[in-house]
Amino acid sequence: MTNEEIKNTVLRLLGTVAPEADLTKLKPGVRLRDQLDIDSMDRLNFVIALHKEFNVDIPEADYQKLETVEDCVNYLVSHAGSASKA
Amino acid sequence: MAEFLMPHLGADMAAGTLRVWHKKPGDRVSRGDIIADVETDKADVEVEVFTSGILEKILIEPGTKVPVGTVLAIIRQEGEVIPEVSPRVSPEAPAAAAAVSAPAALALVHEEGRLRVSPVAKKLAQELGIDLASISPTGPGGRITREDVERAAQARKAAVPETAPAPADRAARIRQAIAAAMARSKREIPHYYLNTTVDFERALTWLNEENLKRPVDERLLYGILLVKAVALALREQPEFNAVWNEGQVILKPEINIGTAISLRQGGLIAPALLKADRKPLGELMKEFRDLVQRARSGSLRSSELSESTITVTSLGEQGVEGIFGIIYPPQVALVGFGRIEQRPWSVEGRIVSRPLITASLSADHRVSDGHRGGLFLNAIERLLQQPEKL
Amino acid sequence: MSSASKIEPTVQGTAREHQLFLLREMLRIRRFEEKAAEVYSLGKIHGFLHLYIGEEAVAVGAMQALNANDRIVATYREHGQALARGTPANSLMAEMYGKVTGCSHGHGGSMHFFDISRRFYGGYAIVGGGLPIAVGLALADKMQHHEGIITACFFGDGAVAEGEFYESLNLAALWKLPLLFLCENNLYAMGTALARAQAQTNIALKAQAMGVPGESADGMDVLAVEEASHRAAQAVRAGNGPLFLELRTYRFRAHSMADPDLYRSKEEIAEWRTRDPITTFTARLRERGLLSDHDLANLENAVAAELAEAVQFAETSPWEPIEDLTKDVCTPEVGKL
Amino acid sequence: MKKKTTYREAIRAALRQAMRDDPRVFLMGEDVGRYGGAFAVSLGLLQELGPERIRDAPLSESTFVGAGIGAALGGMRPIVEVMTINFSLLALDQIVNNAATLRHMSGGQLSVPLVVRMATGGARQMAAQHSHSLEGWYAHIPGIKVLTPATVTDAAGMILAALKEPDPVFIFEHATLYPLEGEIEERIAPVDIAKAAVCREGRDITLISYSASLLKALQAADRLAKDGIEAEVIDLRVLRPLDTATILASVTKTHRAVIVDEAWRTGSFAGEISAQITEHAFDELDAPVSRVCSAEVPMPYAVHLETAALPQADTIVTTVHGLL
């Protein structure tokens with residue numbers, strides 16, 4: 001999957017967790033928590049969705065590596081590698 | 001070498017009793033010979049053997065009852081030597097369909113004090129924040145109906161003119177329900193407030209280790225430890241697990257923790273985690289996730305909104321330090337938790353840095369006093385020091 | 001048989017291959033039933049299992065008189081008919097295992113084999129339940145002027161006690177339907193001997209009373225069954241209305257696997273075993289120099305191989321997915337007729 | 001261009017049209033030919049279409065219903081008339097163990113495109129053995145459809161719709177409806193056989209019924225309107241498959257329901273409808289779902305007793321008042 005595809009998938013999954021968010025206005029570099037009304041439950045559901053979609057295991061320690069959309073994409077590229085679903 | 005098994009001789013045969021052997025070790029047997037008699041529930045049946053050879057060894061003596069598939073004897077081919085074999089009992093046939101439990105007796109004993117209210121009336125009262133106990137029923141057999149609730153809503157509106165008519169969309173209606181409940185709580189309940197600081201070190205370390213062991217979709221949030229601690233503490237101080245009804249307190253047998261969940265478009269709803277003190281953390285977490293998902297999609301059942309016996313709210317993520325909450329009538333207490341904050345803390349005389357949480361209690365002074373409130377908060381703090389026991 | 005039609009006795013002068021074929025078909029049925037009993041005792045097949053051992057000559061003999069587009073209705077003791085009609089042993093064994101590759105997708109089991117590609121309209125477990133269905137099939141052929149197509153309905157002496165037996169014979173005779181009634185009289189309706197169930201035990205006579213000419217034949221002699229069936233089928237095909245053939249036969253095994261067989265004497269069974277349709281026919285072929293030990297060994301090996309493959313096929317076949325539980329209750333394409 | 005007719009003649013017109021259109025269609029049953037049908041439905045059809053297509057059957061219900069199944073398997077489109085539901089008990093084995101079962105039991109190889117019609121119900125002083133109302137039994141069986149036409153249009157249109165179905169369809173014509181007057185088109189069109197119909201709008205309570213009982217429900221609704229009670233009336237039209245959606249939509253609006261069913265109350269089809277309402281619309285109910293059914297007695301001959309046993313309009317009215 002290319003970076004662009006990963007990014008779109010990440011945004012799609014974010015949409016399932018925070019359905020009312022306007023994903024088009026999301027700034028990739030800014031912390032998600034500062035742009036969206038999401039709490040720890042939403043973050044857990046987001047991590048579970050990433051796990052199911054990209055087949056990647058995300059220990060709690062790595063949560064702070066997923067603060068922004070860019071972080072998520074980089075993290076997934078380095079961790080998920082080829083294992084992600086087409 | 002072939003095994004001669006206890007044959008399956010009929011649709012509902014699970015076991016058989018070996019009655020008679022017609023062959024003895026060393027005898028020649030050929031396919032179709034009658035080798036033994038077996039007794040089933042129906043009768044004695046002559047049993048044929050399906051493999052030819054020499055009867056090597058008999059493992060089950062006449063008179064023994066064994067399940068279908070048990071090895072009864074060993075048949076050797078010409079010139080074959082067979083090592084010593086112990087009788088092997090085949091696994092039990094798959095269990096028949098699970099026994100159907102008898103339907104409960106129909107004696108409907110009307111629980112004293114329980115209101116007769118139609119489902120739709122109960123749901124509407126919950127949404128409009130009207131206390132059913134305050135309504136005089138006009139339905140058949142003393143049942144409260146939808147009209148009764150609507151009439152009560154109108155009457156209240158007349159008494160409190162400034163509230164707008166019940167708005168159409170759900171968020172606004174919920175806002176109105178919260179407003180009504182909070183106003184009534186402040187009007188009627190003499191609140192007292194206590195708080196204490198909880199050392200959250202052990203809980204967090206245990207939680208991190210526990211989550212490493214769990215698959216991602218069974219991970220626990222720290223909030224669930226708080227809920228369970230409150231539930232277990234209520235066993236020690238039952239007067240906080242009660243409702244105030246027409247001038248007297250009614251202690252509740254079940255501990256149903258109302259968990260405050262913020263809704264997307266604003267507003268708050270506190271559905272109940274039923275029997276929270278009796279459920280393991282994993283199950284509580286699963287139910288909590290389900291409640292959050294259904295609360296935010298607006299598909300909670302009316303019973304879930306009205307069966308909480310106490311409410312817990314955690315505003316840590318919003319950075320709040322301490323909470324002075326308003327009790328949800330007809331409950332008599334509310335427990336709040338602030339944010340986890342690394343602060344200096346003295347342990348055995350030494351100052352160290354520890355993750356601390358402020359736990360606060362709002363309680364109805366008609367029902368309990370500060371002394372009991374303190375014991376309750378201490379119980380919560382103590383329980384959180386042994387997270388593995390939650 | 002109505003004297004009007006003259007049937008060419010083709011059977012006696014049959015070539016050697018045909019008689020070996022008849023023997024092979026009977027052997028296939030016999031070994032299939034023995035294998036079914038074996039895997040049943042191992043708990044691989046469950047529920048009811050009614051074996052055809054002893055009656056092979058009836059299915060094999062009668063089947064020779066039926067064409068590809070004739071229609072067949074049978075009973076729950078129908079393994080022999082299905083095999084003789086050509087349904088592969090693989091799909092029959094798989095059906096008894098309850099696998100989706102079974103001839104009825106695992107929905108019917110031993111008592112309900114279906115194979116529409118061979119116009120085999122199934123086994124029926126309600127005694128006499130298949131007779132009205134056969135009447136309807138024959139009615140459809142008559143109304144659509146399908147000249148030369150007949151329906152053959154197999155049933156046992158037990159069905160003779162059901163009201164539907166009399167109703168069906170009467171309706172078939174009344175409407176002169178192309179229906180061949182084949183009664184396998186094995187002397188017992190489960191545990192009740194014929195004489196203890198019927199005041200009048202001459203079943204062919206009963207048929208005549210209902211307006212259906214009837215005849216009896218030795219159900220233990222495959223050539224006799226073949227000859228009688230050919231004559232009857234030709235007459236029915238000619239449009240003279242239904243005919244009734246009583247085939248006297250005997251089952252060497254109990255009614256079903258759970259039956260302790262208390263109602264028959266060992267002597268009676270032993271006496272009928274001397275008329276085993278396979279051993280008697282084998283001896284006759286040997287006398288006439290038509291069958292060598294080598295031929296017989298080849299037949300047995302071929303049949304054994306076919307059955308080993310059938311068991312292997314059944315063992316390895318998949319189960320139907322649970323999601324398809326109600327798929328076949330109704331026909332999906334509505335209104336497209 | 002519509003023409004005036006009766007329920008009985010509408011069915012006859014549909015039978016005639018179906019047989020003219022499709023050579024595979026034929027009618028088989030007791031006294032459908034020379035006698036013209038016990039309820040005169042097939043009067044004159046023998047003279048028009050001949051003995052091959054209008055077949056009088058001997059009194060052998062199990063076998064001529066079984067023969068209908070066989071003929072359907074053999075490529076025909078039979079319409080079997082069982083004179084009344086009371087005699088169909090003799091054919092239940094063929095219906096339950098063959099007609100409804102063959103498709104599934106054969107692993108999907110067989111379809112049984114068979115239509116069976118029978119008169120049903122009491123109210124004609126026929127006493128116990130000729131007054132049964134057992135459609136609910138048939139609606140219990142997976143693999144078949146069960147239709148209960150209450151109007152002249154449905155009586156005719158349902159036959160044509162049923163003939164297009166690949167699986168068995170059972171049509172129950174209440175014996176008191178045959179003289180019912182109405183209108184049908186010259187060329188009859190098949191009607192929908194999946195949906196219930198709301199035949200009267202209302203906001204206070206939902207009356208759910210079918211076949212002859214529907215007329216009593218409508219009478220009750222008229223009387224209730226005088227007391228200011230607006231009853232919504234639903235004609236189920238089809239018992240299997242049951243159109244639960246239409247029922248629930250109505251109950252969600254009115255919050256109360258009464259089911260009118262001529263069968264005996266215990267184990268009645270009304271019981272099934274009540275269970276589905278409670279299961280799916282519990283929070284919408286302002287009163288328990290009620291049922292008006294026949295008294296649990298073998299139908300008595302004497303008119304005053306039979307009237308007391310059967311559901312009546314005023315029983316429905318008093319039941320409704322009990323719920324408001």
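Here is a chat about reading one helix and two chain contacts in a predicted model.

Colleague: Let's start with helix α6 of chain B. How many residues does it have, and what span does it reach?

Modeller: A helix can be checked by setting its span against the expected one. Helix α6(B), residues 281-296, has 16 residues and reaches 22 Å from its first C-alpha to its last, close to the 22 Å expected at 1.5 Å a residue.

Colleague: Which residues in α6(B) are buried?

Modeller: Burial comes from counting neighbours: 20 or more other C-beta atoms within 10 Å make a residue buried. In α6(B) that applies to L284(B), M285(B), F288(B), A295(B) and R296(B). They cover an arc of only 100 degrees around the axis, so they sit on the same side of α6(B).

Colleague: And what covers the buried residues of α6(B)?

Modeller: The cover includes α5 (222-236) of chain B, along with the strands β12 (257-259), β13 (261-262), β14 (268-269) and β15 (272-273) of that chain. Just after α6(B), look for G298(B), which takes a positive phi of about 70 degrees.

Colleague: Now the chains. How many residues does the contact take from chain C and from chain D?

Modeller: For a contact, count the residues on each side, then ask which elements supply them. Here chain C gives 37 residues and chain D gives 37. On the chain C side, α5(C) gives the most, with ten residues. That side divides into 18 nonpolar, 14 polar and five charged residues.

Colleague: What about chain B and chain D: how many residues are in contact?

Modeller: Seven from chain B and seven from chain D. Helix α1 (residues 119-128) of chain B brings the largest share of the chain B side, three residues. The chain B side has two nonpolar, three polar and two charged residues.

Technical notes. Residues are numbered from 1 along each chain as its sequence is written. Chains are lettered from A and ligands numbered from 1 in the order in which they are written. This is a predicted model: local features need pLDDT of at least 70, side-chain atom pairs count only at pLDDT 80 or more; totals for chains, interfaces and linings use all residues. Two residues are in contact if their C-beta atoms, placed from the backbone, lie within 7 Å. Helices (H or I, at least four residues) and strands (E, at least two) are DSSP runs, numbered from the N terminus. Ala, Val, Leu, Ile, Met, Phe, Trp, Tyr, Cys and Pro count as nonpolar, Asp, Glu, Lys and Arg as charged, and the others, Gly among them, as polar. The expected span of a helix is 1.5 Å times one less than its number of residues. A residue is buried if 20 or more other C-beta atoms lie within 10 Å of its own, exposed if 12 or fewer, and partly exposed in between; C-beta atoms are placed from the backbone. The arc is that of the directions from the helix axis to the C-beta atoms.
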